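This report walks through one protein structure in plain terms. Look at the sequence and the 3D view before reading on.

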Amino acid sequence: MVFSELFSIFAGKTGNQTMAKYIKQEIPDLNGTGRTQAYYKMKLRPMTHQQFVSMCAKGGTLDESTLLAALSRISDRLALFMAEGFSVKLDGIGTFHAKLGVMSDKEPDAFEVGEQKRNAKSIHVTGVSYKTDPQIVREMRRTCVLEKGGESRIRKPKLTLEERIEKAREFLKKNMFMKVPDYVALTGLSRTTATTELRKLAHNPSSGITFRGRGSQKYYVLREKE
């Protein structure tokens with residue numbers, strides 16, 4: 001009974017109508033048409049764990065302590081079962097399974113002859129893959145009323161890629177290492193774009209840049225000449 005009611009809450013069966021705003025988001029011209037494209041996304045409002053539990057408890061038969069205990073149990077069991085290789089389906093919510101990847105300080109694997117092979121020690125869990133249950137999408141469509149919440153335009157870099165690389169090299173000649181915020185300040189890129197670009201540069205020997213460490217301790221240095 002506890003879990004069936006909890007899943008109903010997750011699926012949006014609370015009887016409340018959702019008021020939401022959408023944003024028109026500009027994206028780069030990927031097809032060479034000469035014009036940018038647009039897609040739409042929700043203008044998100046943060047809700048804390050405690051706020052979520054309190055809202056779910058209102059008008060229901062489960063109190064906050066019961067909901068908190070159930071959520072904690074679900075979280076623990078999901079992590080355990082996914083770690084054991086299960087794909088877990090929760091009716092009204094969706095299906096969950098673990099995503100794997102090569103550790104950030106290792107080169108990607110391949111099937112070609114001569115490529116370095118990876119063993120279990122160099123592979124780890126990188127996240128969770130979630131496939132939405134159609135039921136929860138239907139509930140959102142039924143209850144959601146949208147209104148325009150603004151536009152988000154692309155912040156175009158003023159420097160070319162070659163100029164950004166040269167700036168990074170000059171910075172590293174004067175400093176022992178460089179982190180993502182440094183590259184953001186140098187180039188004017190967003191943090192997400194700067195992170196992606198640095199990752200590509202670090203795996204391209206011609207850039208003259210490589211990396212050390214991993215995760216939050218990852219930083220970039222000049223590549224030693226061979």
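The text below covers a sheet, some salt bridges and two places on the surface or in the strands.

**The sheet and its helix**

The model is predicted. Three strands form an open sheet in the order 3-4-5, and their pairing is antiparallel. Which strands stand at the edges? They are strand 3 (88-90) and strand 5 (123-132); each has a single partner strand, so one side of each is left without a neighbour in the sheet. On average, neighbouring strands of this sheet are turned by 30° against each other, with direction ignored.

Strand 3 and strand 4 (residues 94-102) run antiparallel and are joined by three bridges. Valine 88 has phenylalanine 96, in strand 4, as its bridge partner. Helix 3 (residues 64-83) packs on the sheet and touches strand 3, strand 4 and strand 5. The direction of helix 3 makes about 55° with that of strand 4.

**Salt bridges**

How many salt bridges does the structure hold? There are seven. The table lists three of them.

| Acidic residue | Basic residue | N to O distance |
|---|---|---|
| aspartate 133 | lysine 89 | 4.0 Å |
| glutamate 139 | arginine 142 | 2.8 Å |
| glutamate 197 | arginine 164 | 2.8 Å |

Take the salt bridge between aspartate 133 and lysine 89. Aspartate 133 lies in the loop between strand 5 and helix 4 (134-143), while lysine 89 is in strand 3, so the pair ties together parts that are 44 residues apart in sequence. Is aspartate 133 buried or exposed? Its relative accessibility is 12%, so aspartate 133 counts as buried. Lysine 89 has a relative accessible area of 52% and is therefore exposed.

Glutamate 139 and arginine 142 form another salt bridge. Both residues lie in helix 4, three residues apart, which is about one turn of the helix. Glutamate 139 counts as buried because its relative accessibility is 15%. Arginine 142 is exposed, with a relative accessible area of 56%.

In the salt bridge of glutamate 197 and arginine 164, the pair links distant parts of the chain. Glutamate 197 is in helix 7 (residues 191-202) and arginine 164 is in helix 5 (residues 161-174), 33 residues apart. Both glutamate 197 and arginine 164 are buried.

Salt bridges can also share partners: in this way Lys89, Asp91 and Asp133 are joined into one network.

**Lysine 21 and its contacts**

Lysine 21 is part of strand 1 (residues 18-27). Its relative accessible area is 38%, so lysine 21 is partly exposed. Which residues is lysine 21 in contact with, leaving aside its neighbours within four places in sequence? They are Lys41, Met42, Lys43, Glu147, Lys148 and Gly149. The C-alpha atoms of lysine 21 and glutamate 147 are separated by 4.8 Å, although these residues are 126 residues apart along the chain.

**A nonpolar patch**

Met42, one of the contacts of lysine 21, also belongs to a nonpolar patch on the surface. The patch is formed by Met42, Leu44 and Leu146, which together have about 330 Å² of accessible area. Leucine 146 sits in strand 6 (residues 144-152). With a relative accessibility of 49%, leucine 146 counts as partly exposed, because the word exposed is kept for values over 50%.

Conventions
Residues are numbered from 1 along each chain as its sequence is written. This is a predicted model: local features need pLDDT of at least 70, side-chain atom pairs count only at pLDDT 80 or more; totals for chains, interfaces and linings use all residues. Side-chain values use heavy atoms; hydrogens and water are left out. Patches are made of residues with over 30% relative accessible area and no salt bridge: like charges are joined within 9 Å, nonpolar side chains (Val, Leu, Ile, Met, Phe, Trp, Tyr) within 5 Å. Accessible areas come from the Shrake-Rupley method with a 1.4 Å probe; for residues, only the protein chains shown count as cover. A salt bridge is a side-chain nitrogen of Lys or Arg within 4 Å of a carboxyl oxygen of Asp or Glu. Helices (H or I, at least four residues) and strands (E, at least two) are DSSP runs, numbered from the N terminus. Buried means under 20% relative accessible area, exposed over 50%, partly exposed in between (1.4 Å probe, protein chains only). Two strands pair if DSSP finds at least two bridges between them. Axes are lines fitted to C-alpha atoms, for helices over the stretch in contact, and angles run from 0 to 180 degrees between N-to-C directions. Contact means heavy atoms within 4.5 Å.
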